[in-house]
Structure formats: structure tokens, C-alpha cells
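Student: Could you walk me through this protein, one question at a time? I'd like to see how each answer is reached.

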Amino acid sequence: MTQTVAAAMAALEAHRVEISQHGIADFFAGDPDRFARYHVELDDLLFDYSKHRANDATLAHLLTLARVAGVEEARERLFAGDLVNNTEGRPALHMALRNFSDTPMQADGVDVTAQVLAERARVFAFAKAVREGALRGATGQAFTDVVNIGIGGSDLGPAMAARALSPFGKPGLRMHFVANVDGADLADTMMDLDPARTLFIVCSKTFTTQETMANASAARAMVAGALGEDAVGDHFAAVSTRLDLVAKFGIKPDRIFAMWDWVGGRYSVWSSIGLSLAIFIGPDGFESFLRGGHDVDRHFQDAPLQDNIPVLMGLLGVWYRNVWGCQAQAVIPYDQRLGRFPAYLQQLDMESNGKSVTRTGESVALGTAPVIWGEPGTNGQHAFFQMLHQGTDVIPVDFLVAAQPTHADPHHHALLVANCFAQSEALMRGRSLAEAEAGLLAQGMEAEAAAALAPHKRFPGDRPSSTFLYRALTPRQLGRLIALYEHKVFVQSVIWDINPFDQWGVELGKELCNRLAPIVSERNASLEGLDGSTAGLIGWRRGLTG
Ligand code: F6P
């Protein structure tokens with residue numbers, strides 16, 4: 001940590017002591033304009049950050065931190081296509097996939113515009129042909145089901161987005177996503193599908209990922225078994241950087257779509273990895289989704305730091321993570337169709353910033369990625385909200401909600417919105433012991449019983465939250481939401497001085513699995529050299545399967 005960053009953190013720490021005397025409600029009481037001053041609009045999306053333990057001084061300290069940590073310079077390097085992924089010697093240029101400006105984007109000095117547009121045109125032509133039934137299966141039937149086979153970034157983005165945008169999908173076309181090496185995933189998905197009307201898209205940046213290769217081979221065998229070996233080519237497409245490996249798998253050249261090393265897996269939904277989504281919502285819908293991402297790129301690049309949503313998101317996250325010691329961040333969409341959004345953000349945030357060494361390999365000085373988790377409201381209210389309101393840990397919450405539904409029931413939607421706003425109010429406001437006791441007495445409870453019960457009905461309050469309120473969950477709006485979180489993660493990585501674009505932490509488990517797989521499948525294989533627990537588990541399993 002540089003001295004200037006250390007000084008900015010120390011100033012924040014001292015400021016926390018001072019500000020802890022005041023609750024969030026006090027800030028509103030002393031400032032009737034607080035909501036007006038503590039929100040940012042991005043077209044028809046509003047980011048409300050007024051319900052935070054932060055005042056003007058807090059924001060000034062946080063903005064100083066951003067400046068001395070070099071957020072603006074790092075942002076320039078990112079958009080310039082510099083080798084910001086220093087451990088893999090690559091740029092991170094997912095923004096080039098959604099660039100609608102006149103300024104070309106360069107990956108390490110090479111303009112990528114032409115290749116991006118050419119590949120997108122191929123994806124769109126293929127998507128259109130599948131949607132219109134021009135492209136059919138081996139028996140001449142149009143496709144009714146598309147199965148995306150991939151994992152991590154080759155699954156979560158399209159799976160989350162297809163569910164989020166279901167009202168924009170082509171009627172009669174069903175999307176399925178198979179990720180897990182657990183054979184149940186593919187088996188359950190295929191249960192009601194007719195191979196003759198099913199298109200499989202194998203998505204893998206590396207085309208070596210164990211889970212994806214196992215599922216792709218099994219799906220291939222199913223098609224060959226049901227329709228004959230010659231039918232396989234008509235039922236498969238693939239997306240990868242390893243075009244050689246895809247060709248070897250037996251996929252026809254005109255159904256192989258490229259992506260590039262400069263697109264990280266968890267940033268790849270904007271690339272050909274979005275093929276299944278493009279088929280589902282169509283080229284126009286997909287372009288709109290890309291434009292949403294581009295809206296945010298422009299905002300992130302152009303808006304002053306104090307009005308910059310990803311910068312504010314990132315800084316408030318650092319405030320709670322590093323100064324208040326919060327270890328988790330909840331993301332609660334009041335939007336059933338965003339049910340997979342928290343899982344998507346888990347990979348985006350925790351695979352990017354779950355690191356403990358700096359860009360140059362020293363131990364980090366500050367805690368990094370919080371635990372990201374969440375479920376849609378209102379369901380979560382009847383499950384884990386108890387802990388958010390009265391648990392011993394403070395967990396900042398992001399609420400997401402649309403002003404208008406993408407279904408036809410305004411009554412349900414009004415209830416949904418009221419619940420969302422009520423929860424952030426309750427978290428902030430809390431209820432004092434005296435209020436709890438007075439409420440019980442007002443209901444006619446005896447004084448002694450009221451005093452005994454009141455502590456259980458007390459809410460500490462001052463639990464912070466942000467609210468994203470947008471007109472409706474359209475493709476463009478979803479593109480905006482994703483890109484806001486992408487850049488938030490980037491801002492935090494700069495402050496923590498870590499590389500958010502590599503993921504070495506997933507390697508060790510993969511290596512050990514490769515070593516264990518033959519020992520697990522071969523019951524006479526020697527257990528020598530394994531640790532006691534692993535050997536014991538394998539031995540027990542042998543007993544249970546014997
Ligand atoms: O889990 C590690 C990871 O490499 C992710 O970063 C990636 O999104 C996922 O595996 C899938 O990788 P691939 O697209 O190469 O199959």
C-alpha cells in the first residue's frame with residue numbers, strides 16, 4: 001500500500017469513529033435534500049445511496065482514496081487495452097464487445113473492431129436462422145430447445161440473462177443450461193427433450209474444462225444414439241478461443257464461433273458466449289443488451305468521480321469492507337427473473353477480487369472481496385432477513401427493483417415495490433427499545449411482560465443499503481446493471497492493488513481432481529501418498545459402493 005493510500009485509509013478510520021455517533025436517520029433529519037444529493041441518474045435508472053452511514057465528509061474521504069489509489073489512471077489503462085491482466089500478459093477488453101462509439105478499441109495496440117463486428121454478424125446470422133427455422137436438425141425439424149453446455153463464465157451470464165429476459169424470448173423456444181459435472185444436470189435437462197429438435201451449444205473459452213467436455217461428450221453420444229452419428233454435426237455449435245480443439249470435437253466450421261484471450265470468462269456474456277441468449281432474445285434484443293453495457297462504459301469513463309455510479313458502489317463497498325469490517329455484501333433483487341443475478345455476481349466479484357496478493361505478489365494490506373450472496377425478495381424476507389435486521393453482523397444490501405413490471409399484474413408489482421422500499425427503510429430506521437416497549441403497552445400488554453419482550457422486538461437499525469430503481473427489466477437495462485457491477489469490481493481492485501482478471505485460485509483443486517479421478521474410479525488403485533482424510537473418504541466410498 002502506498003503512503004498516500006495508507007494515509008487516506010487512516011483518515012477514513014478516524015472519520016468512522018466520529019461518524020459512528022450519528023445514525024443514518026440523523027443525516028436525513030439534518031438534510032431535507034439528502035435523497036436529491038445522494039442519488040445518481042443514468043437515463044431511466046436511478047442509484048440511491050442515501051441510506052448509508054456516510055455524509056459529505058465521508059464521500060470526500062472516499063473520493064480522495066480513489067484519487068490517490070489511481071482509479072482514474074487505471075480506468076484509462078483498462079480502456080486503452082493495456083496489459084492490465086499482468087499475470088497472464090493480457091488486456092481485459094470486454095468493453096470492445098459493446099463499443100458503439102466512433103473510437104476504436106485496441107487490445108495491446110491492435111484495433112479489434114473489425115474482428116468483433118465480423119464475429120457478432122456471424123452470431124446474429126446463426127441466431128436468426130435458428131429462430132426462423134431456416135436452420136434445422138438432421139430430421140428436418142426446426143429447433144424448439146437450445147441446450148447451452150458450459151460452466152462458470154460460459155454458463156452463468158447467458159443462463160442468468162435468459163431467465164431475466166424471458167418476456168423478450170421467442171415463444172416456443174426453450175433455453176436450458178447444463179453446467180455441473182454431476183450427471184444429474186444433463187440427465188434432468190434431457191428428460192423431456194427430443195434430440196431431433198434440440199440444438200447444443202458447447203461454450204468453453206479453453207475447450208479443456210473437465211465439466212464441459214464431459215457434458216459435451218455425453219450430449220454428443222445421446223444425439224448419435226438417438227439420430228445416428230451423421231446427425232451430430234447438425235445438432236451442435238460451439239464457442240471457444242481454441243478453434244483447433246473445437247474442430248477436433250467434430251463441429252462444423254460454420255458453427256464454430258470465436259472469442260479472444262482478452263475476454264475474461266466472467267466478462268464473456270457480451271461475446272459469442274452469448275450465442276444462446278442471442279438466439280433467445282434475437283439479434284435486436286442482444287444489440288440492445290450490448291448498448292446497455294456501452295451506456296455504462298461511457299458513464300464510467302465520463303462522469304466525475306462523485307457522480308460516477310460504479311465508483312460510488314466500489315468506494316462504499318471499501319468503506320464497509322475495510323473500515324467497518326463487514327465481510328459480506330447481500331444483493332437482493334426484488335425481481336423474480338433476476339433470481340440468478342446474485343450467483344452471476346458471485347463469480348464476477350469473488351473470482352475477480354478474491355485475492356490475497358497484490359499485482360506484484362506481496363501480501364495485500366486490506367481485506368479484499370466480501371462474500372456476495374442473495375436471493376430474490378420477497379422470498380428472502382421469509383428466510384434470512386431476520387439476520388439482516390437483528391443479527392450480530394452488519395451486512396450492506398443492494399436492492400434492485402423495476403418501476404414497471406414485465407408482466408401484466410400491476411397489483412402484484414405494487415406489493416413487490418412496497419416490500420422492497422419497506423425493507424430498506426426498516427434496515428435503516430430500526431426500532432428502539434423504548435419504541436418496542438411503547439408499542440407493546442399500546443397493544444394492552446402488562447408492563448412486566450412488555451419489558452421482557454421488548455428487547456426481542458428491538459431493531460438496531462443503521463443497516464446500510466443502496467437501491468437500484470429502473471424503469472423495467474429490459475435487455476438494455478440488464479446490460480447496464482451487469483456493466484455497473486463489472487466496473488465496481490474493477491474500482492475495488494484498484495484500491496486493493498490486485499489483478500481482478502486472473503483466477504489462479506481455481507487451479508489447485510483442478511490439479512488434485514485430475515490426480516484423484518483415476519483413484520476414485522478404479523477401486524483397486526493404491527491410496528498410498530494420500531492424506532489420511534482423503535484416503536479415508538475414498539476407502540469409505542469403496543465400502544458404500546461395493
Ligand atoms: O473456474 C475457472 C474458470 O476458468 C472460469 O474463470 C471460467 O469462466 C470457467 O472456468 C469456464 O472456463 P471455460 O470457458 O474455459 O470452459
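Student: Let's start with the rings. Which aromatic cluster does Tyr485 belong to?

Tutor: Sure, and keep in mind that this is a predicted model. Tyr485 shares one aromatic cluster with residues from several places along the chain, and the full membership is Tyr38, Phe47, Tyr49, Phe341, Tyr344, Phe468 and Tyr485.

Student: How many aromatic pairs are there, and what kind of pair do phenylalanine 341 and tyrosine 485 make?

Tutor: The count comes to 22 aromatic pairs. For phenylalanine 341 and tyrosine 485, the ring centres are 5.6 Å apart and the planes sit at 80 degrees. Plane angles over 60 degrees count as edge-to-face. So this pair is edge-to-face.

Student: How many residues apart are phenylalanine 341 and tyrosine 485 in the chain?

Tutor: Phenylalanine 341 is in helix 14 (residues 341-353), while tyrosine 485 is in helix 19 (residues 475-496). The pair links distant parts of the chain, and the separation is 144 residues.

Student: Is tyrosine 485 buried or exposed?

Tutor: The cut-off for buried is under 20% relative accessible area. Its partner phenylalanine 341 has 0%, so phenylalanine 341 is buried. Tyrosine 485 has 3%, so tyrosine 485 is also buried.

Student: What kind of pair do phenylalanine 384 and phenylalanine 385 form?

Tutor: Both of these residues are buried. Their ring centres are 5.5 Å apart, with the planes at 35 degrees. Stacked needs under 30 degrees and edge-to-face needs over 60. That angle fits neither, so the pair is tilted.

Student: Do charges get involved with rings too? Which residue has its charged end over the ring of tyrosine 38?

Tutor: There are examples of charges over rings here, one of them being arginine 220, which lies over the face of phenylalanine 249 at 5.7 Å from the ring centre. For tyrosine 38, the charged end sits 4.2 Å from the ring centre and belongs to arginine 34.

Student: On to salt bridges. Which residue does aspartate 44 form a salt bridge with?

Tutor: Side chains of opposite charge can pair when their charged atoms come close. The count here comes to 23 salt bridges. In the one formed by aspartate 44, the closest N and O atoms are 2.9 Å apart, and the partner is arginine 480.

Student: How many residues apart in sequence are the parts that this pair ties together?

Tutor: Aspartate 44 lies in the loop between strand 1 (39-42) and strand 2 (45-48), and arginine 480 lies in helix 19. Aspartate 44 is partly exposed at 22% relative accessible area, whereas arginine 480 counts as buried at 4%. The parts tied together are apart in sequence by 436 residues.

Student: What about lysine 128 and glutamate 132: which helix holds them?

Tutor: Their side chains meet in a salt bridge, 3.6 Å from N to O. Lysine 128 is partly exposed at 44%, and glutamate 132 is exposed at 56%. The two are four residues apart, about one turn of the helix, and both lie in helix 6.

Student: Are lysine 355 and aspartate 502 buried or exposed?

Tutor: These side chains also meet in a salt bridge, at 2.8 Å from N to O. The pair links distant parts of the chain, 147 residues apart. As for the two residues, both are buried.

Student: Which residues are joined into one network by salt bridges that share partners?

Tutor: Aspartate 44 and arginine 480 turn up again here. The full network is Asp43, Asp44, Asp295, Arg471, Arg476 and Arg480.

Student: Now the inside. Which helix gives the most to the largest nonpolar core?

Tutor: In soluble globular proteins, nonpolar side chains tend to be buried together. The largest nonpolar core has 115 residues, and Trp262, Ile279, Phe341 and Leu478 touch the most other members. The top contributor gives twelve residues, and that is helix 19.

Student: Last one! How far apart in space are alanine 525 and serine 465?

Tutor: Alanine 525 is in the loop between helix 20 and helix 21 (532-545). Leaving out residues up to four places away in sequence, alanine 525 touches Pro518, Ile519 and Arg542. Alanine 525 and serine 465 are 60 residues apart in sequence, and from C-alpha to C-alpha the distance is 54 Å.

Terms used: Residues numbered from 1 in each chain as written. Predicted model: local features only at pLDDT ≥ 70, side-chain atom pairs only at ≥ 80, totals over all residues. Heavy atoms only, no water. Phe/Tyr/Trp six-rings, centres within 6.5 Å; stacked < 30°, edge-to-face > 60°. Buried < 20%, exposed > 50% of the residue type's maximum accessible area, 1.4 Å probe, protein only. Lys NZ or Arg CZ within 6 Å of the ring centre and 35° of its normal. Salt bridge = Lys/Arg side-chain N within 4 Å of Asp/Glu carboxyl O. Core = buried A, V, L, I, M, F, W, Y, C linked by side-chain atoms within 4.5 Å. Contact = heavy atoms within 4.5 Å.
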